[in-house]
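Hi,

Here is the structure I promised to pass on. Have a look at it first, and then read on for what turned up.

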Amino acid sequence: MSDLAGDSSAIPGFKTFPLLAFSVQILFIIFFALFVDYGWESDGADPANGLDPLYGGKKQSQNSIYKFYYVFQDVHVMVFIGFGFLFTFLKKYGYSAVGLNLFLAAVVLQWAILCEGFFDSVNGRIKISIEKLLTADVAAAAALIS
């Protein structure tokens with residue numbers, strides 16, 4: 001047995017990591033509250049986003065949510081489930097690999113949305129769309145692979 005088995009305070013970073021993770025999430029919440037809005041295609045109350053042409057709705061092929069949703073769903077599952085369970089064959093580190101993957105993917109998704117949005121903002125506001133979510137998923141996949 002290791003000397004560190006019963007004493008969690010002797011593990012380096014044991015108390016600082018939760019504080020850092022909590023602080024980063026609080027910053028993300030503040031940034032999203034201040035700078036992020038939904039894109040116009042995400043507004044379900046807008047009759048133009050419906051499928052009924054009587055109320056000004058578009059065809060399904062013209063709405064980007066219908067075009068990119070299946071690709072987004074596949075990449076999202078690959079990032080969160082595929083990479084998460086890739087290292088579960090390691091007997092000692094299986095659970096921590098899944099947990100670290102979920103945490104890192106969530107942080108990178110949020111960071112990628114903010115970074116891309118600041119470069120592509122409209123009137124100082126970041127508009128979330130299915131394309132931005134897909135780009136953030138690809139960024140998370142790149143971070144998890146490396």
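How many salt bridges does the structure hold? There are three of them. Before going through them, please keep in mind that this is a predicted model.

Let's start with Arg 125. Its salt bridge is with Asp 37, and the closest N and O atoms are 2.8 Å apart. Arg 125 sits in the loop between α3 and β2 (126-128), while Asp 37 belongs to strand β1 (residues 36-38), so this pair ties together parts that are 88 residues apart in sequence. Is each partner buried or exposed? Neither, as it turns out: Arg 125 is partly exposed at 24% relative accessibility, and Asp 37 is partly exposed at 29%.

Asp 37 has another partner too. Its side chain meets that of Lys 127 in a salt bridge, at 3.8 Å from N to O. Here again distant parts of the chain are linked, with Asp 37 in strand β1 and Lys 127 in strand β2, 90 residues apart. Lys 127 has 34% relative accessibility, so it counts as partly exposed.

The remaining pair is Lys 132 and Asp 120, whose side chains come to 3.1 Å, N to O. Lys 132 is in helix α4 and Asp 120 is in the loop between α3 and β2, twelve residues apart. The two partners are worth comparing on accessibility. Lys 132 has a relative accessible area of 8%, and because buried means under 20%, it counts as buried. Asp 120, with 45%, is partly exposed. Which residues do shared partners join into one network? Those are Asp 37, Arg 125 and Lys 127.

Next, helix α2, which runs over residues 64-82. This helix has 19 residues and spans 25 Å from its first C-alpha to its last, close to the 27 Å expected at 1.5 Å a residue. Where does α2 bend? The bend is at Tyr 70, by about 30 degrees. The buried residues in α2 are Ser 64, Phe 72, Val 75, Val 79 and Phe 80. As a reminder, an α-helix has 3.6 residues a turn, so residues three or four places apart point the same way. Have a look at Phe 72, Val 75 and Val 79 with that in mind; they are among the buried residues of α2. The cover over the buried residues of this helix includes α3 (94-119) and α4 (130-145).

One residue of α3 to click on is Asn 101. Asn 101 is buried, with a relative accessible area of 6%. What does Asn 101 touch, leaving aside residues up to four places away in sequence? Its contacts are Val 79, Phe 80, Phe 83, Gly 84 and Leu 144. Val 79 and Phe 80 will look familiar, as both are among the buried residues of α2.

Finally, the surface. A nonpolar patch of about 660 Å² is made by Phe 22, Ile 26, Leu 27, Ile 29, Ile 30, Phe 31 and Leu 34. One of these, Ile 29, has its place in helix α1 (residues 16-35). At 53% relative accessibility, Ile 29 counts as exposed.

Cheers

Definitions and conventions: Residues numbered from 1 in each chain as written. Predicted model: local features only at pLDDT ≥ 70, side-chain atom pairs only at ≥ 80, totals over all residues. Heavy atoms only, no water. Helix = DSSP H or I, 4+ residues; strand = E, 2+ residues; numbered from the N terminus. Expected span 1.5 Å × (residues − 1). Bend = angle between axes of the 7 residues up to and from the residue. Buried < 20%, exposed > 50% of the residue type's maximum accessible area, 1.4 Å probe, protein only. Contact = heavy atoms within 4.5 Å. Salt bridge = Lys/Arg side-chain N within 4 Å of Asp/Glu carboxyl O. Patch = residues over 30% accessible without salt bridge, like charges linked within 9 Å, V, L, I, M, F, W, Y side chains within 5 Å. Areas by Shrake-Rupley, 256 points an atom, 1.4 Å probe, with all protein chains shown as cover.
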